[in-house]
Amino acid sequence: MNKQKFIDKFLIAFMILAVFKIIGIAAQLFHESFWSVVGTLVIFLVVAFIIMIVITALKDKEQNLKNSGRRGSGSGNFYLETSLFDRIRNKYEELAEKYIAEKDYKKAAKVYMNLLQDNFRGAKTLENGGFYNEAAAVYLKKLNNKSEAASCYEKAKQYKKAIDLYKEMQQKEKVGDLYKELNDIKNAHSYYQMVADDYTANSQMVKASLVYSKKMELPEEAQKVLLKGWNEDKDAFNCLNNYFANVYDIKKLETEIQNLYQKTPSYKKTIYLEAMKHEFKKNPKLQPVIRSIAYAIIAEKVGTRSEIINELKHFNPEDSVILKDISRFKTGRNKMLRN
């Protein structure tokens, strides 16, 4: 290749690349530092040289096809153009991967955004490289992705910026979490209370209780909302189960089990019995009281629900006689029904 041909092909390559790049370069000249622009221009020249090589190879291939007579009148140009841009794109991909391997995430991001027009991969590359503020700016300005931007600001410990975005997205629990990180307990609790209120309004009493106990460290409020759920039949079993699970003192738990049973209406006693099966396994000291309650519920319900007799075995796990008694009861009842 003589010098003039080399210059011509380089100029062609440079012009093709300029179509994709000229707007980005102009923007960089106004907004980026001198050395950042110089770095971008270096990338620009390297890729132009790569394109020149690709053009040369494709031109040679086209000439070979022409000489062999296997190229149609219009298909060759289409093939050349398609193949050219595919190869250019592949070279950009390789260049970006090279920069990532070298841990030069900013240059890799520029290749993705300015040459491949892929802002998401550019932002993700910056994020993976630890450039969280820069990544957040791309997510916001180029992709309008507030969720990813907020996550990046959070990683950068730019909590106030993240809070503003989470507020816009109505993610109240995240707002509370970040206020807590800033040790602003008043605002944190204010947002946690909104979350708990939302859960309560939607009859999600267990979730509301977890906000009180885990986020706000108010175990008494957690117990109140669970008791409310039990009394108002809003996920009653899980509310009762969690209520008992939050009582760690065995004596107090025994008292709570007895008191709540006394207030339980008849239609909910089978639910209470189900909860007792869980409590029975907790501590041997609870078993006499729980067994007594279980027997009372079974005796009350057996007339209308004969299958409830099977529940006796849960409260006498090591008593083989009870199984025989259950069997005799079922046999006797079946005979009575047949007669």
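**Helix α12 and its surroundings**

In helix α12, the residues A222, Q223, V225, L226, G229 and W230 are buried. They lie on the same side of α12, because together they cover an arc of only 165° around the axis. The structure is a predicted model. This briefing describes the helix, a residue that touches it, a pocket that it helps to line, and the nonpolar cores.

**The helix itself**

- Helix α12 comprises 13 residues, numbered 219–231.
- At 1.5 Å a residue, α12 should span 18 Å, and its end C-alpha atoms are indeed 18 Å apart, so the expected and modelled values agree.
- An α-helix has 3.6 residues a turn, so residues three or four places apart point the same way.
- On the other side of α12 from the buried residues, E220, K224 and N231 are exposed.
- After α12 comes D233, which has a positive phi, near 60°.

**What covers the buried side**

- The cover over the buried residues of α12 includes four helices: α10 (185–201), α11 (205–215), α13 (236–245) and α15 (269–280).
- Helix α10 contains T200.
- T200 counts as buried because its relative accessibility is 19%, and the cut-off for burial is under 20%.
- Apart from neighbours within four places in sequence, T200 is in contact with M205, A208, V225 and K228; of these, V225 is listed among the buried residues of α12.

**The second largest pocket**

- The second largest pocket holds about 340 Å³ of space.
- It is lined by 16 residues, of which P219, Q223, N246, V247 and Y248 are the closest to its centre.
- Helices α11, α12, α13 and α14 (250–263) each supply at least two residues of the lining of this pocket.
- Helix α12 gives the largest share of that lining, with 5 residues.

**The nonpolar cores**

- The largest nonpolar core has 63 residues, and those with the most contacts inside it are F244, I257, Y272, M276 and I293.
- When residues up to four places away in sequence are not counted, F244 touches L253, E256, I257, L260, Y272, M276, E279 and K282.
- A second core, separate from the largest, has 11 residues, including I88, Y99, V111 and L116.

Technical notes:
Residues are numbered from 1 along each chain as its sequence is written. This is a predicted model: local features need pLDDT of at least 70, side-chain atom pairs count only at pLDDT 80 or more; totals for chains, interfaces and linings use all residues. Side-chain values use heavy atoms; hydrogens and water are left out. The expected span of a helix is 1.5 Å times one less than its number of residues. Buried means under 20% relative accessible area, exposed over 50%, partly exposed in between (1.4 Å probe, protein chains only). The arc is that of the directions from the helix axis to the C-beta atoms. Contact means heavy atoms within 4.5 Å. A nonpolar core is a set of buried Ala, Val, Leu, Ile, Met, Phe, Trp, Tyr and Cys residues joined through side-chain atoms within 4.5 Å. On a 1 Å grid over the protein atoms alone, a cavity is a set of points where a 1.4 Å probe fits but cannot get out, and a pocket is an open set with protein on both sides within 12 Å along at least five of seven lines; lining residues have an atom within 4 Å of a point. Grid points are joined across faces, edges and corners, and a volume is the space filled by probe spheres set on the points.
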